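Please open the model in a viewer and keep the selection panel at hand. The tour below proceeds by selections, each followed by an account of what is found there.

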Amino acid sequence: MSKLKLVGGRPITMDEAIELRQTVFGSAASPPRGEWTRTGINFGAANGVRPPASLFEYPYGLRTPRNATRGMQSVLQAFIIKHFIFDVKPRDKSVPLEELLKPTEAEQAQALYLAISDILWNIGEKTKAIFALPGEASHIPHSHVYFQDNVTEKLFFFEFTTLDEMQIFAKRYLPYFTENPGPGALLLLYSAVVTRGMENLRNDLDAPKGAHLMGPYEEGSLNIVTLLLTGRATPYLHNGVVYVGDEDHYALPQFGILGRGSIGLLIWEGENEAMRSASRQPGSRLKTPATPVWVSCCCGHFGVLFNSNRELLRNYHAEKRFELHYYTLAGCYLSMTVDNRQQEEGADDGQEDGERKQNDMVSTPLERLIHTKWMEAKITYHGPLPASLNF
């Protein structure tokens, strides 16, 4: 699909370009991390080559190299999975999950532009959203205060106040996001940042002056994930507002997760888990979203966990024993059974202990991540663990 030439929009100014680069990357005078200008948003593409949807092993799945765009794209992946399982109408409950997750190329494109639209609309508090897309010419010269990156200085801003108009625009200009290699991931991030507002975003971070969104993380900052998931780039994952202070300082508010969203978040930090403060642990609003789809961060590596039964989060009985699916943007898929029933229901304890020990040896991080939501669950994997699953 070829890119349409941009029509309309407002060109970025010098002050906006400098502020945008400083807010996201920390500096406008040095180049941004290179993967952001070279990573598009694609289903199943490897090295820029995109096979037909019918040949994808996991046609619902985005693929991206292990770089700083992966956390953000994992949020996008979660919205896409939610679309295929829960949003496509009419939903026939007799259709197996495997069929729901076999979209055509047209259905892939629809899921992608609707997911992008939903994310930006939520960030704009369902009143407005802004797309940031590059034209052909630069609006800002290269100088000692601004280092050109071939994207930021070419941006046009397109503001929308209705979701329908925004979705039509996203569909029309989707190739700007899917070009690979291309800056699609950066365009989504920029659109999210300008929709939120750069001053609002800096307040979200609640960090010293000069702090920026990106951070040094291999698969991306958790603040980017919370921006796309919740509409605010908060580092605090607890429910609501907590006031923190001591006898020598006034108590100051830490704004955590203010409402329950459609997608959840589960985190396991490995050996560093005990060092994390309570404010950095997901609260119940993130652990129990409106649909059984979670972005996961396991020892710094992002993925998506999901189940096809909406009742899983509404009915206690549905949680006794259920299937859980795990997908990462490396193209790794894993399915498992999560069993929360009491272990003494006639099972062979010796055999159970042996199975559990074996599971602990090969996949302790993923199991422990799942245990942050279902504490005493026994997890049984279906088939061998993929070689690409490593933490």
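**A pair of packed helices**

Helices H5 and H8 are roughly parallel to each other, because an angle under 35 degrees counts as such and theirs is about 25°. The model on display is a predicted one. To view this pair, select residues 105-123 for H5 and residues 184-196 for H8; their axes are 8 Å apart. The crossing of the two helices H5 and H8 is right-handed.

Next, display the side chains at the contact. H5 contributes Ile116, Leu120 and Ile123, while H8 contributes Leu188, Ser191, Ala192, Thr195 and Arg196. Coloured by residue class, the contact of H5 with H8 shows five nonpolar residues, two polar residues and one charged residue.

**Helix H9 and its two faces**

Keep H8 visible and select residues 198-205, which form helix H9. Which residues of H9 are buried? They are Met198, Leu201, Asp204 and Leu205. These four residues lie on the same side of H9, because they cover an arc of only 110° around the axis. In general, an α-helix has 3.6 residues a turn, so residues three or four places apart point the same way.

Now rotate the view to the face of H9 turned away from the buried side, where the exposed residues Glu199 and Asn203 are found. To see what covers the buried residues of H9, add H8, helix H1 (14-25) and helix H10 (222-230), which are among the covering elements. Before leaving this region, select Asp206, just after H9: this residue takes a positive phi of about 50°.

**A buried serine in strand E7**

Move to residues 293-298, strand E7, and pick out Ser296 within that strand. Is Ser296 buried or exposed? Ser296 has 0% relative accessibility and therefore counts as buried, the cut-off being under 20%.

Show the surroundings of Ser296, leaving aside neighbours within four places in sequence. The residues in contact with Ser296 are then Leu266, His301, Phe302, Gly303, Val304, Leu305, Tyr326 and Leu369.

**A buried glutamate in helix H12**

For the last stop, select residues 349-371, helix H12, and centre the view on Glu367. Glu367 counts as buried because its relative accessibility is 1%. Then add Ala377, which is 10 residues from Glu367 along the chain. A distance drawn between the C-alpha atoms of Glu367 and Ala377 should read 9.0 Å.

Terms used. Residues numbered from 1 in each chain as written. Predicted model: local features only at pLDDT ≥ 70, side-chain atom pairs only at ≥ 80, totals over all residues. Heavy atoms only, no water. Axes fitted to C-alpha atoms, helices over the stretch in contact; angles between N-to-C directions. Parallel < 35°, antiparallel > 145°, perpendicular 65-115°, else oblique. Left-handed = near helix turned anticlockwise from the far one by under 90°. Contact = heavy atoms within 4.5 Å. Nonpolar A, V, L, I, M, F, W, Y, C, P; charged D, E, K, R; others polar. Buried < 20%, exposed > 50% of the residue type's maximum accessible area, 1.4 Å probe, protein only. Arc of directions from axis to C-beta.
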